[in-house]
Amino acid sequence: MTILVTGGAGYIGSHTVIELIQSGYDVVIVDNFSNSHPEVIQRIETITNQTIKYYANDIKDSEAMRKIFAENAISAVIHFAAYKAVGESVEQPLKYYENNVSGTIALLEIMQEFAVKTIVFSSSATVYGADNPSPLTEDMPTLDANNPYGYTKIVNERMLKDLAHSDPDWSVVLLRYFNPIGAYETGTIGEDPNGIPNNLMPYITQVAVGKLDQVSVFGNDYDTPDGTGVRDYIHVVDLAKGHVKAVAKALAEAQLYIYNLGTGQGYSVLDLIHTFSETNDVDVPYQITDRREGDIAVCYADPTKAQQELGWIAEKTLVDMCRDSWRWQQNNPNGYQAGNMND
Ligand code: UFG
């Protein structure tokens with residue numbers, strides 16, 4: 001059975017491709033490499049010992065997408081392709097709506113044309129906004145996001161729900177990710193942010209490796225045990241495995257499904273910094289700075305529904321996440337740029 005993975009060269013996409021292949025699926029990737037590197041494909045091939053079929057196209061290029069659907073017997077799509085930088089979305093909202101919303105519309109139109117009506121969508125805990133209390137459950141209202149990026153997830157969710165309601169043949173899974181970190185255990189694929197990282201873990205690893213001076217801890221006056229922000233960090237391999245379970249469920253019975261993919265456990269910024277330092281025996285200098293605009297104090301999942309309905313549970317610990325992020329960073333100090341592996 002063949003799964004089309006949009007954005008399959010990206011951070012979560014690449015890990016999901018590996019898990020799909022290891023579960024016996026055939027995979028086709030479509031990725032425009034706007035925020036990923038073609039080198040990823042070779043790394044996936046080495047890990048899986050298989051040739052990966054991929055198309056270097058944009059999902060908004062309908063002609064190219066028609067060709068992909070015509071050439072491959074696709075049963076379902078896992079749709080990752082999107083922009084994801086929160087700050088950039090505030091500065092360039094149209095770029096985000098155009099890519100993330102128009103991209104999904106273009107994809108769904110082609111899927112409809114080829115009668116492929118099973119889709120797993122990359123959503124985010126950001127759809128819960130600032131007002132719902134943690135632990136977050138799937139039935140909570142999702143009307144407010146803090147930024148345009150978050151609204152593109154809300155709009156896409158709404159669109160996919162409407163589609164599922166309009167035609168019972170559509171099978172739609174909305175997966176709401178919490179904070180994915182970590183890397184594949186070989187240290188050969190991982191997160192490769194453009195420029196200075198926005199997210200905490202890649203910032204920590206770049207400080208630890210000496211590329212950046214110190215981590216700025218954005219506020220220590222939140223209403224949390226140590227005053228710093230609390231998040232539900234989840235190992236990217238656990239997250240990837242959730243997609244395999246989700247696509248199987250969607251293929252077995254056409255429905256609308258919504259699941260949180262998190263561990264259910266909140267850790268603070270300082271917890272993460274200290275666990276990283278201790279696990280890897282490396283210094284991570286930090287200083288407390290002002291809060292970052294738009295951040296909330298606490299965000300963690302209630303993952304019960306995914307456990308009950310998908311039989312999925314996050315298995316890796318915070319120590320695993322810290323160890324694997326560090327192995328990836330050490331092996332690839334400049335990400336996927338040519339010639340970095342182990343030099
Ligand atoms: N933080 C720092 N210093 C940094 C970066 C982050 O102290 O340099 C703190 C933040 O204030 C927050 C925590 O670390 O408390 C995690 O921040 P991230 O930027 O890593 O992650 P966020 O929770 O802000 O954002 C993530 C995803 C978004 C998504 C959002 C809500 O990156 O895509 O969760 O679901 F929208």
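This is a short talk on a predicted model, going from the ligand site out to a few helices, loops and single residues.

Hi everyone, thanks for coming. Please keep in mind throughout that we are looking at a prediction.

Let's start with the ligand. How many residues surround the ligand? There are 17, and the closest are N199, S216, R231, R292 and D295. By residue class, that shell divides into seven nonpolar, seven polar and three charged. Which strand gives the most to the shell? That is β8, residues 215-218, with three residues.

Now for the polar atoms around the ligand. A backbone N or O atom of S216 sits 2.7 Å from a ligand nitrogen. On the side-chain end of things, N179 has an N or O atom 3.0 Å from an oxygen of the ligand. For Y149, the distance from a side-chain N or O atom to a ligand oxygen is 3.4 Å. As for cover, the ligand on its own has 690 Å² of accessible area, and the protein covers 88% of that.

Y149 takes us nicely to helix α6, since Y149 is one of the buried residues of that helix. Helix α6 runs over residues 148-166, which makes 19 residues. From first C-alpha to last, α6 reaches 26 Å, close to the 27 Å expected at 1.5 Å a residue. The list of buried residues in α6 has some charged names on it, including K153, E157 and K161. Alongside them are I154, L160, L163 and A164, among others. What do the buried residues of α6 pack against? Two helices are on the list, α4 (86-91) and α5 (93-113). The strands there are β5 (118-124), β6 (171-177) and β11 (256-261).

If you walk back from α6 into the loop that joins β5 to α6, you come to P135. Have a look at the bond just before that proline: the peptide bond from S134 to P135 is cis, with omega near 0°.

Let me set another helix beside α6. Helix α8 covers residues 236-252, so to speak a run of 17 residues. Its ends are 25 Å apart, first C-alpha to last, close to the 24 Å expected at 1.5 Å a residue. Among the buried residues of α8 are the valines V236, V237, V244 and V247. D238 and H243 are also on the buried list for α8.

Next, two backbone oddities that you may like to find on the screen. N49 has phi near 60°, a positive value in a residue other than glycine. Where is N49? It is in the loop between α2 (39-48) and β3 (53-55). N49 counts as exposed because its relative accessibility is 70%, over the 50% cut-off. The second one is D281, again not a glycine, with a positive phi of about 55°. D281 is placed in the loop between α9 (269-280) and β13 (286-289). Is D281 buried or exposed? With a relative accessible area of 73%, D281 is exposed.

I'll finish with three buried residues, each in a helix or strand.

The first is P202, which lies in helix α7, residues 200-208. P202 has a relative accessible area of 8%, and is therefore buried, as the cut-off is 20%. Leaving out residues up to four places away in sequence, P202 touches E191, P193 and P197. There is a long-range pairing to look at here too: P202 and W326 are 124 residues apart in sequence, and 9.3 Å apart in space, C-alpha to C-alpha.

The second is S268, in strand β12, residues 267-268. Its relative accessibility is 3%, so S268 counts as buried. Which side chain does S268 make a polar contact with? The partner is D226, at 2.6 Å between side chains. Beyond neighbours within four places in sequence, S268 is in contact with D226, T228, G229 and V230.

The third is V27, in strand β2, residues 26-30. V27 counts as buried at 10% relative accessibility. Neighbours within four places aside, V27 contacts I3, V5, V17, L20, I21 and K53. V27 and M65 are 38 residues apart in sequence, with 15 Å between their C-alpha atoms.

That's my tour, and I'm happy to rotate the model for anyone who wants another look.

Terms used:
Residues numbered from 1 in each chain as written. Predicted model: local features only at pLDDT ≥ 70, side-chain atom pairs only at ≥ 80, totals over all residues. Heavy atoms only, no water. Helix = DSSP H or I, 4+ residues; strand = E, 2+ residues; numbered from the N terminus. Expected span 1.5 Å × (residues − 1). Buried < 20%, exposed > 50% of the residue type's maximum accessible area, 1.4 Å probe, protein only. Contact = heavy atoms within 4.5 Å. Near = heavy atom within 4 Å. Polar contact = N/O pair within 3.5 Å; in protein donor to acceptor, adjacent residues only side chain to side chain. Areas by Shrake-Rupley, 256 points an atom, 1.4 Å probe, with all protein chains shown as cover. Nonpolar A, V, L, I, M, F, W, Y, C, P; charged D, E, K, R; others polar.
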